[in-house]
Amino acid sequence: MSLKVREILELAETKGCSLAAGKGGLDRVVRFVDCMEIPDMKAWMRPNVFYITTGYTYSNSEEEIIQLIQDLYDAKAAALATKYKYIGCSLDAAIKVADELQFPLILWPEDLPFIEMNYLVMEALIKSQNNLMDSMQSQIKRYNQREMDQRLFVDLLTGNIAHDEEENYRIKEQRWPVPPYQIIYIEVDRIKQKLHELREEEAQERIEKIENLIREAFTGEQVVVLSNNGTFQCILKRTRDKEIGADYFEAIQSEICEKTGYRATIGVSRAEDTYKRFGQAYQDARDAVEIAVCQNLESRVLCIEDAGFWKILKKISKQDMCREFVEEKLNAFIEYDQENERELLETLEALVNNLGARNVTANALHLHRNTLMYRIKKIENQTGYDLSDPNSILELAFALRIMKFMK
């Protein structure tokens, strides 16, 4: 948050000052102010200093004022403010060189005392420093809040809070929602890769920007937004007299996608009445995201209460017997599909999704029925299954759905 010459000029113009030359240098940074009333100041010139002079010392010749401006430019000074009275005869030459160098040259009126001009710049610098300090304090406060929120999140997740009194105190201190609450888990496509491509400071800025967008999307709601490795976790206050359904979260997802340019998948836990179930609520929200991806839902939004038997499939998919079942039923078929047409697996999935109905499957795949029957025959030859048998359809449907969680 640096003070620039243009900001000082705006203040100075209220006192009758004007820019004589060097408009292209108005974005030069000002960090100090100094006075110049002795000849040959070159050795004491410093970068980012706004210099003020009556011009009397440099009124002897045109060469002196030209050399002064050149020296200030070489020293990376910010600007020069002077009176017309003493450099008037050399003003045209001064303007010419200042414009060539894009070095700001400001004239202040004869009736404006030197001390008032100096005070104007000093006051602007002090305000700038105060604003900088306020900004730093605000950043420190946000950082501390983020750290405390992350620590409370982890402690609730791991059950690391032993006493109700500590839990209640920390939730109140951190201004987290009083139960009931829901956890909303948001996974943003490709964001992890994008963050890895950025410098650490840029990545943090991008994360904070997305966090703020998510907070804004929950307009009027009490919500805590956290992030971890490119995913975002929200703790949303629920009230018993207000229903929030999937359409509400779909609207939030659309807003996130529109404002970030990335597609987001949202998983929503049940409403919980106690933070003792925080770990379960978090797992439910994560499971909902994974199930939404496996189901290839068009909206990419799923409340865990609407996940149905997919919750059971997700839970048992890690068991060895399920892995063995999938390998037995599908491995040889998948290998054949990868080495050949690469279309039979898609056909099989469509067929089992439509409970073996040929005409419905053909329409879903935009195939002629004869083409579909040809593919079904190849699948039967490869797997040994009779795809007109309901039990075969059921077994393959189970294996295909379990396989989605194993990828």
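**Notebook: salt bridges, a sheet and its helices**

**Entry 1: K15 and its partner.** I began with K15, which counts as partly exposed because its relative accessibility is 40%, between the limits of 20% for buried and 50% for exposed. The model I am reading is a predicted one, and I keep that in mind for every entry below. I then looked for a charged partner and found that K15 forms a salt bridge with E116, with the closest N and O atoms 3.4 Å apart. This pair links distant parts of the chain, since K15 sits in the loop between α1 and β2 while E116 belongs to helix α5 (residues 114-158), 101 residues away. E116 also counts as partly exposed, with a relative accessibility of 30%.

**Entry 2: other salt bridges.** How many salt bridges does the structure hold? I find that the structure holds 20 of them. As general background, side chains of opposite charge can pair when their charged atoms come close. One of the pairs I looked up is D27 with R6, whose side chains meet in a salt bridge at 2.8 Å from N to O. This pair, too, links distant parts of the chain: D27 lies in the loop between β2 (18-21) and β3 (29-30), R6 lies in helix α1 (residues 5-13), and the two are 21 residues apart. For exposure I noted that D27 is partly exposed, with a relative accessible area of 43%, and that R6 counts as partly exposed at 35% relative accessibility.

I turned next to D287 and K314, whose side chains meet in a salt bridge at 3.4 Å, N to O. D287 is in helix α10 and K314 in helix α11 (residues 310-316), so this pair ties together parts that are 27 residues apart in sequence. Are D287 and K314 buried or exposed? Both D287 and K314 turn out to be buried. I also noted a network, in which salt bridges that share partners join R146, E208, E211 and R215.

**Entry 3: how α1 meets α5.** I looked at how these two helices lie against each other, and found that α1 and α5 pack at an angle of about 135 degrees, with their axes 10 Å apart. The two helices are therefore oblique to each other, and α1 passes α5 in a right-handed crossing. The contact is made by I8, L11 and A12 on the α1 side and by M117, L120, V121 and A124 on the α5 side.

**Entry 4: the five-stranded sheet.** I traced an open sheet of five strands, in the order β9-β10-β8-β11-β12, and its pairing is mixed. The edges are held by β9 (223-228) and β12 (301-303), each of which has a single partner strand, so one side of each is left without a neighbour in the sheet. From one strand to the next, the twist averages 15 degrees. In general, strands of a sheet pair through backbone hydrogen bonds, either parallel or antiparallel.

At one edge, β11 (residues 264-268) pairs with β12 in the parallel sense over three bridges, and I266 has V301 of β12 as its bridge partner. Helix α9 (residues 246-260) packs on the sheet, where it touches β8 (181-188), β10 (231-237), β11 and β12, and its direction makes about 150 degrees with that of β11. Helix α10 (residues 278-295) packs on the sheet as well, touching β8, β10, β11 and β12, with a direction that makes about 40 degrees with that of β8.

At the other edge, six bridges join β9 to β10, and these strands run antiparallel. I picked out L226, which stands opposite Q233 in β10. The hairpin of β9 and β10 has two residues between the strands, and within this hairpin N229 takes a positive phi near 55 degrees. Why is β9 largely enclosed by the rest of the structure? I put this down to burial, because five of the six residues of β9 are buried.

**Entry 5: I393.** My last look-up was I393, which has its place in helix α16 (residues 390-406). I393 is buried, with a relative accessible area of 7%. Which residues does I393 contact, leaving aside its neighbours within four places in sequence? I find L351, V352, L355, G356 and L387 in contact with I393. I also checked I393 against L105, which is 288 residues away along the chain, and their C-alpha atoms are separated by 85 Å.

Notes: Residues are numbered from 1 along each chain as its sequence is written. This is a predicted model: local features need pLDDT of at least 70, side-chain atom pairs count only at pLDDT 80 or more; totals for chains, interfaces and linings use all residues. Side-chain values use heavy atoms; hydrogens and water are left out. Two strands pair if DSSP finds at least two bridges between them. Helices (H or I, at least four residues) and strands (E, at least two) are DSSP runs, numbered from the N terminus. Axes are lines fitted to C-alpha atoms, for helices over the stretch in contact, and angles run from 0 to 180 degrees between N-to-C directions. Contact means heavy atoms within 4.5 Å. A salt bridge is a side-chain nitrogen of Lys or Arg within 4 Å of a carboxyl oxygen of Asp or Glu. Buried means under 20% relative accessible area, exposed over 50%, partly exposed in between (1.4 Å probe, protein chains only). Angles under 35 degrees count as roughly parallel, over 145 as roughly antiparallel, 65 to 115 as roughly perpendicular and the rest as oblique. A crossing is left-handed if the near helix is turned anticlockwise from the far one by less than a right angle, and right-handed if clockwise.
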